[in-house]
Amino acid sequence: MAQQVAVIGGGSSGLTCIKCCLDEGLEPVCFESSDDIGGLWRFKENPESDRASIYHSVIINTSKEMMCFSDFPIPAHFPNYMHNSYIMDYFHMYADHFQLRPYIRLQTKVLNVSPRPDFAQTGQWDIETEDRNGKKEKHVFDAVLVCTGHHCHPHLPLKDFPGIDTFKGKYFHSRDYKTSDEWRNKRVVVIGIGNSGGDIAVELSRVTKQVFLSTRRGSWVLNRVGTNGLPVDIIWSRAFRMIQSILPFGFLCNVAEKRLNERFNHSLYGLKPKHRLLSQHPLVNDDLPNRIISGTIKVKPNVREFRGSSVIFDDSTVEDNIDLVVFATGYTFSFPFLQRDVISVTENKTRLYKYVFPPGLERPTLAIIGLIQPLGAIMPISEMQARWATRVFKENLTCTQKLHE
């Protein structure tokens, strides 16, 4: 009988985990709490509790050539940078091609994952689930792959914004933003200059009276289209693969930052960050410089406080009659179904061996897949993590079987 592996989550990481299990002769059972696969990339008008949620216009920031799984290229007629609907089409094609659907249990939530009493000998796990009708079941699995991502729980640090309780307009996290329709001719503040903050500010600036983009630290801004019209991530990947091993980090940053500033001067636009380009995620946004230079977006420093419908910034400037504040302030992740002695999260950080295995387990039969923020697409990395984890599982399970023979 094949050894059973629980896969928690049916997004991009969960799908490749199912396939890797099958490749290694393991029997996967994927528990997906929603009514479809796709995870982060599945648009829904009304956000679901404890689930990732995107806005209608989201386009991926990595090209299809760099984000596809190694054994299933994205169709040639799909655009290089895909709208979320294309990404969902690709995931469905992937699931159908490799016949993954029979192993996926939709609308099934994982309530608890705990090591069995004889875990030191067997490495097995007790898992409790609940289906859409409220029916609970208990299962025993030989290994577990956790693929729940890190965009589920919005980080809304209201305590860092004095006077927010006096604000007369509307405010919400970027997770709850869907379209710009209701904000025509309004005055809006977007707090945060990650990719969501940049996208939302640009989209709102096309219909609102004014958008103010508030940032504490600025950001390097990349556009999707590179030299000769090629996707910029392909160009950068080729260049840095060849030279990053022989040239100093600072020199590489200097060259790349100079190229970016030739397109537009980050200092002049109020966006120059203190960190180097290759130290943190850049902002990928083709339109932001054009919206800034046209005045529809004004870059502001951090928000100091709120007073009624007014917003005071750290440079002491004041903007009155603000109708909406969008907090593009990121996310926190957690594993509510796992005990703290299995894996603990402190200040949005956790310890994982090679970003995959909790280091304190007596048996390496639980792996976290896709909990990483690379300078590029997550899909190929999740695939490599899944390959490694399933091979570790297979070796461990084989050894366990031999011990009990």
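Let's start on the outside, where Ile246, Leu247, Phe251 and Val255 make a nonpolar surface patch of about 370 Å². Keep in mind as you look around that this is a predicted model. One member of the patch, Val255, sits in helix α7, which covers residues 249-263. Is Val255 buried, exposed or partly exposed? With a relative accessible area of 42%, Val255 counts as partly exposed, because that value falls between the 20% limit for buried and the 50% limit for exposed.

Now for the strands. β4, β5 and β6 form an open sheet of three strands, in just that order, and the pairing is antiparallel. β4 (108-115) and β6 (136-141) are the edge strands, and each has a single partner, so one side of each is left without a neighbour in the sheet. From one strand to the next, the twist averages 25 degrees. If you follow β5, which runs over residues 125-131, you'll find six bridges linking it to β6 in the antiparallel sense. To pick out one of these contacts, look at Thr129: its bridge partner in β6 is Glu137.

Further along the chain there's a hairpin, made by β15 and β16 with two residues between them. β15 takes in residues 303-307 and β16 residues 310-313, and four bridges join them in the antiparallel sense. Arg307 has Ser310 in β16 as its bridge partner. In the turn, Gly308 has a positive phi of about 60 degrees.

Next, the aromatic rings. A pair of them is described by how far apart the centres are and by the angle of the planes. This model has 21 aromatic pairs. Take Phe69 and Tyr90, a stacked pair at 6.1 Å centre to centre, with 25 degrees between the planes. Phe69 lies in the loop between α2 (64-67) and α3 (84-97), while Tyr90 belongs to helix α3, so the pair ties together parts that are 21 residues apart in sequence. How accessible is Phe69? Phe69 is buried, with a relative accessible area of 0%, and for Tyr90 the value is 0% too, so Tyr90 is buried as well.

Phe119 and Trp125 show another arrangement: their pair is edge-to-face, with 5.0 Å from centre to centre and 70 degrees between the planes. Both Phe119 and Trp125 are buried.

Which residues share a cluster with Phe69 and Tyr90? Phe72, Phe91, Tyr94 and Phe98 join Phe69 and Tyr90 to form one aromatic cluster.

Conventions: Residues numbered from 1 in each chain as written. Predicted model: local features only at pLDDT ≥ 70, side-chain atom pairs only at ≥ 80, totals over all residues. Heavy atoms only, no water. Pairing = 2+ DSSP bridges. Axes fitted to C-alpha atoms, helices over the stretch in contact; angles between N-to-C directions. Patch = residues over 30% accessible without salt bridge, like charges linked within 9 Å, V, L, I, M, F, W, Y side chains within 5 Å. Areas by Shrake-Rupley, 256 points an atom, 1.4 Å probe, with all protein chains shown as cover. Salt bridge = Lys/Arg side-chain N within 4 Å of Asp/Glu carboxyl O. Buried < 20%, exposed > 50% of the residue type's maximum accessible area, 1.4 Å probe, protein only. Phe/Tyr/Trp six-rings, centres within 6.5 Å; stacked < 30°, edge-to-face > 60°.
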